[in-house]
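Below is a briefing on a protein chain shown with DNA. It covers the fold, the surfaces facing the DNA, and a few residues in detail.

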Amino acid sequence: MDETARRPLPRSFFARETLVVAEALLGCLVVRELDDGRILVARIVEVEAYCGPDDSACHAAKGRTPRTEVMFGPPGHAYVYLIYGIHHMLNFITWRDGFPCGVLIRALEPVENIGAMRTLRPVSGRALCNGPGKLTAALGVTRTLYGHDLTQGSFLWVCERDIELNAEEVARGPRVGIDYAAPVDRDAPWRFWLRDNPWVSKAR
DNA sequence: CCGGCGATGGTCT
DNA sequence: GACCATCGCCGGC
């Protein structure tokens, strides 16, 4: 990847409706700069949209709290939280200031510096980053990146896709792991993935 | 290959 | 004190 291709996507990319951003993120590259300067690159192959206070699956539906504070701010920032006491989840904040919503990154296809990823998460095969808790481990993403500005080109950012993507390559369906949500939200087809991509997470 | 279950800690009631 | 936007292990096939 050359230097121009590593430019971070601007805030205007994230400042669109969450479903639009979610689908637009497919095929894009996540770039992670470790504290020692090493650069890890991976392609986004699966995401889920969480669409504001009226979406009962969205954390912000339960109100504004210290944890969800970043969701209520401007788009283009990282929302990282811990789930089940073990796994970090990585989300990108979308749309507009004051409307809490975002996109969960659920699976990545490793592209560059895979050896470093396997040091951070020593497993073989596709278990490296085919799940939301796996990919944060493989990229060394923790709560220290909570609220991080994704448009600055440091530590964590996103680059536009470097491949062609046709509409028929994109699949969509209900989100995973939100049984507690209202039926209308449980059933909403707000999970997007690259059809047939082997790095997509196992449906649970 | 698969299904069930325990781990583990921050967050909110 | 309950709830989790999950994962890995273990046992059964």
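A polar contact is a pair of N or O atoms within 3.5 Å; within protein, one must be able to donate a hydrogen and the other to accept it, and residues adjacent in sequence count only if both atoms are side-chain atoms. Such a contact, at 2.6 Å, joins the side chains of Ser56 and Asp185. This is a predicted model, in which local features need pLDDT of at least 70 and side-chain atom pairs count only at pLDDT 80 or more, while totals for chains, interfaces and linings use all residues. Residues are numbered from 1 along each chain as its sequence is written, chains are lettered from A and ligands numbered from 1 in the order in which they are written, and side-chain values use heavy atoms, with hydrogens and water left out.

**Overall fold**

- Chain A has five helices and eight strands; helices (H or I, at least four residues) and strands (E, at least two) are DSSP runs, numbered from the N terminus.
- The order of these elements from the N terminus is α-α-β-β-β-β-β-α-α-β-β-α-β.
- Chain A is as compact as a globular protein of its length, because its radius of gyration is 16 Å, close to the 17 Å that the globule rule gives for 204 residues. The radius is taken over C-alpha atoms, and the rule is 2.2 Å times the number of residues to the power 0.38.
- Along the principal axes, the C-alpha atoms of chain A fill a box of roughly 40 × 35 × 35 Å.
- Buried residues make up 52% of the 204 in chain A; buried means under 20% relative accessible area, exposed over 50%, and partly exposed in between (1.4 Å probe, protein chains only).
- Among the contacts in chain A with a separation of 6 or more, 63% are between residues 24 or more positions apart; contact means heavy atoms within 4.5 Å.
- About 9400 Å² of chain A is exposed, with 52% of it supplied by carbon and sulfur atoms. Accessible areas come from the Shrake-Rupley method with a 1.4 Å probe; for residues, only the protein chains shown count as cover.

**DNA strand B**

- Thr65, Pro66, Arg67, Tyr84, Gly85, Ile86 and Arg143 are the residues around DNA strand B; a residue is near a molecule or strand if one of its heavy atoms lies within 4 Å of it.
- Of the atoms of DNA strand B that come within 4 Å of the protein, 57% belong to sugar and phosphate.
- A base nitrogen of DNA strand B is 3.2 Å from a backbone N or O atom of Gly85.
- The surface near DNA strand B has three nonpolar, two polar and two charged residues. Ala, Val, Leu, Ile, Met, Phe, Trp, Tyr, Cys and Pro count as nonpolar, Asp, Glu, Lys and Arg as charged, and the others, Gly among them, as polar.

**DNA strand C**

- There are 21 residues around DNA strand C, of which His87, Asn91, Arg121, Gly177 and Tyr180 come nearest.
- Sugar or phosphate holds 55% of the atoms of DNA strand C within 4 Å of the protein, and bases hold the rest.
- His87 places a polar side-chain atom 2.7 Å from a sugar or linking oxygen of DNA strand C.
- Backbone atoms reach phosphate oxygens of DNA strand C from Pro132, at 3.2 Å, and from Gly133, at 2.9 Å.
- Two or more residues of the surface near DNA strand C come from each of β3 (78–83), β4 (87–93), β5 (102–112) and α4 (132–139).
- That surface has eleven nonpolar, six polar and four charged residues.

**Buried positions**

- Ala107 is in strand β5 and counts as buried because its relative accessibility is 0%.
- Beyond its neighbours within four places in sequence, Ala107 contacts residues including Ile44, Cys129, Leu135 and Trp199.
- Another of these contacts is Val200; its C-alpha is 5.6 Å from that of Ala107, although the two are 93 residues apart in sequence.
- Thr136, in helix α4, is buried at a relative accessible area of 2%.
- Leaving out residues up to four places away in sequence, Thr136 touches His88, Met89, Leu90 and Val141.
- In helix α2 (residues 18–25), Thr18, Val21, Ala22, Ala24 and Leu25 are buried, with cover that includes β2 (39–50), β4 and β5.
- Gly27, just after α2, has a positive phi of about 90 degrees.

**Ser56**

- Ser56 sits in the loop between β2 and β3 and is partly exposed, at 25% relative accessibility.
- Outside four places in sequence, Ser56 touches Ala61, Tyr180, Ala181, Ala182 and Asp185.
- A polar side-chain atom of Ser56 lies 2.9 Å from the backbone nitrogen of Ala182.
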